[in-house]
Amino acid sequence: LKYFTAAWHYFSYLFLSTFFLIPYYALLSRFDLHFIPDVDEWVLLSKTLLNPSSPINSAAEKIPAIPGESYITYSYLELLPYLLMAGTVIFTLIIIVQNYRLNQRIFRACRLADDKEILETFAKCKQELGIGKEIPVYISAYINTPFLSGILKPRIVLPNIELQAEELRYVFLHELTHWKRN
């Protein structure tokens, strides 16, 4: 965070997440990348350097086939993209489930803000930042710090403590800035 902005971190994480879901290697296959050595050559080179007296074998050795049957062997490096894609899918599902549970807790344990001062301050902050989307404000007795939750249906959750008008304004500006910057 010292050298790069929060937006840079967000988009780099987004790219890395999609890297394991979208087959970018299919796009790369259209380019002439023959100047890059094959992974098998790297494995051969490392085997030769570590043990020069051993015979040189490829990373994926061929198994002699029994007549009528065929065998395909894979090196571990060929399976790596599939393992990374599976890990990304599992990670994404965990995040979705956690967000779903958080939203359920918000609706069960929070109440919609009805204080006139809070709602007026919130409306002024939305107008100041040029946000027209309807964002509900909830009050919860179970949290210590305010936060913004939700991607498609955002909501702001405030702790059930007494905040001065200026403090409330800064809280709303902070949380609405998160929404505005995605």
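**Figure 1. Overview of the predicted model, with six helices and four strands.** The model shown here is predicted, not experimental. Along the sequence, the elements of the protein follow the order α-α-α-α-β-α-β-β-β-α. Of the 182 residues in the protein, 20% count as buried. Taking the contacts between residues at least 6 apart in sequence, 51% join residues at least 24 apart. The views that follow take up one helix pair, the cysteines and several single residues.

**Figure 2. Packing of helix 5 (residues 116-129) against helix 6 (residues 165-180).** The axes of the two helices are 9 Å apart and make an angle of about 45°. Angles from 65 to 115 degrees count as roughly perpendicular and those under 35 degrees as roughly parallel, and helix 5 and helix 6 are therefore oblique to each other. The crossing of helix 5 with helix 6 is right-handed.

**Figure 3. Residues at the contact of helix 5 with helix 6.** Helix 5 contributes Glu117, Ile118, Thr121, Phe122, Cys125, Lys126, Glu128 and Leu129. From helix 6 come Ala165, Leu168, Arg169, Phe172, Leu173, Leu176, Thr177 and Lys180. By class, the residues of this contact are nine nonpolar, two polar and five charged.

**Figure 4. Leucine 168, a residue of helix 6.** Leucine 168 has a relative accessibility of 3% and, because buried means under 20%, counts as buried. Setting aside residues up to four places away in sequence, leucine 168 touches Ile118, Thr121, Leu158 and Leu163. Of these, Ile118 and Thr121 are also listed for helix 5 in its contact with helix 6. Phenylalanine 122 is 46 residues from leucine 168 along the chain, and the C-alpha atoms of the two are separated by 8.2 Å.

**Figure 5. Isoleucine 131, in the loop between helix 5 and strand 2 (137-140).** The relative accessibility of isoleucine 131 is 11%, so this loop residue counts as buried. Apart from neighbours within four places in sequence, isoleucine 131 is in contact with Lys126, Leu176, Trp179 and Lys180. Lys126 belongs to the helix 5 side of the contact between helix 5 and helix 6, and Leu176 and Lys180 belong to the helix 6 side. Isoleucine 131 and lysine 180 are 49 residues apart in sequence, with a C-alpha to C-alpha distance of 7.5 Å.

**Figure 6. Histidine 174, placed in helix 6.** With a relative accessible area of 45%, histidine 174 is partly exposed. The cut-offs that bracket this value are 20%, under which a residue is buried, and 50%, over which a residue is exposed. Proline 146 lies 28 residues away in sequence, and its C-alpha is 9.7 Å from that of histidine 174.

**Figure 7. Leucine 102, in helix 4 (residues 76-109).** Leucine 102 is partly exposed, its relative accessible area being 29%. Not counting residues up to four places away in sequence, leucine 102 touches Phe147 and Ser149. Glycine 150 and leucine 102 are 48 residues apart in sequence and 9.4 Å apart in space, taken C-alpha to C-alpha.

**Figure 8. Cysteine 110 and cysteine 125, both buried.** Cysteine 110 has a relative accessible area of 14% and is therefore buried. Cysteine 125 is also buried, at 1% relative accessibility. Cys125 is one of the helix 5 residues that meet helix 6. A disulfide is a covalent bond between the sulfur atoms of two cysteines. A search of the whole structure finds zero disulfides.

Definitions and conventions: Residues numbered from 1 in each chain as written. Predicted model: local features only at pLDDT ≥ 70, side-chain atom pairs only at ≥ 80, totals over all residues. Heavy atoms only, no water. Axes fitted to C-alpha atoms, helices over the stretch in contact; angles between N-to-C directions. Parallel < 35°, antiparallel > 145°, perpendicular 65-115°, else oblique. Left-handed = near helix turned anticlockwise from the far one by under 90°. Contact = heavy atoms within 4.5 Å. Nonpolar A, V, L, I, M, F, W, Y, C, P; charged D, E, K, R; others polar. Disulfide = S-S within 2.5 Å. Buried < 20%, exposed > 50% of the residue type's maximum accessible area, 1.4 Å probe, protein only.
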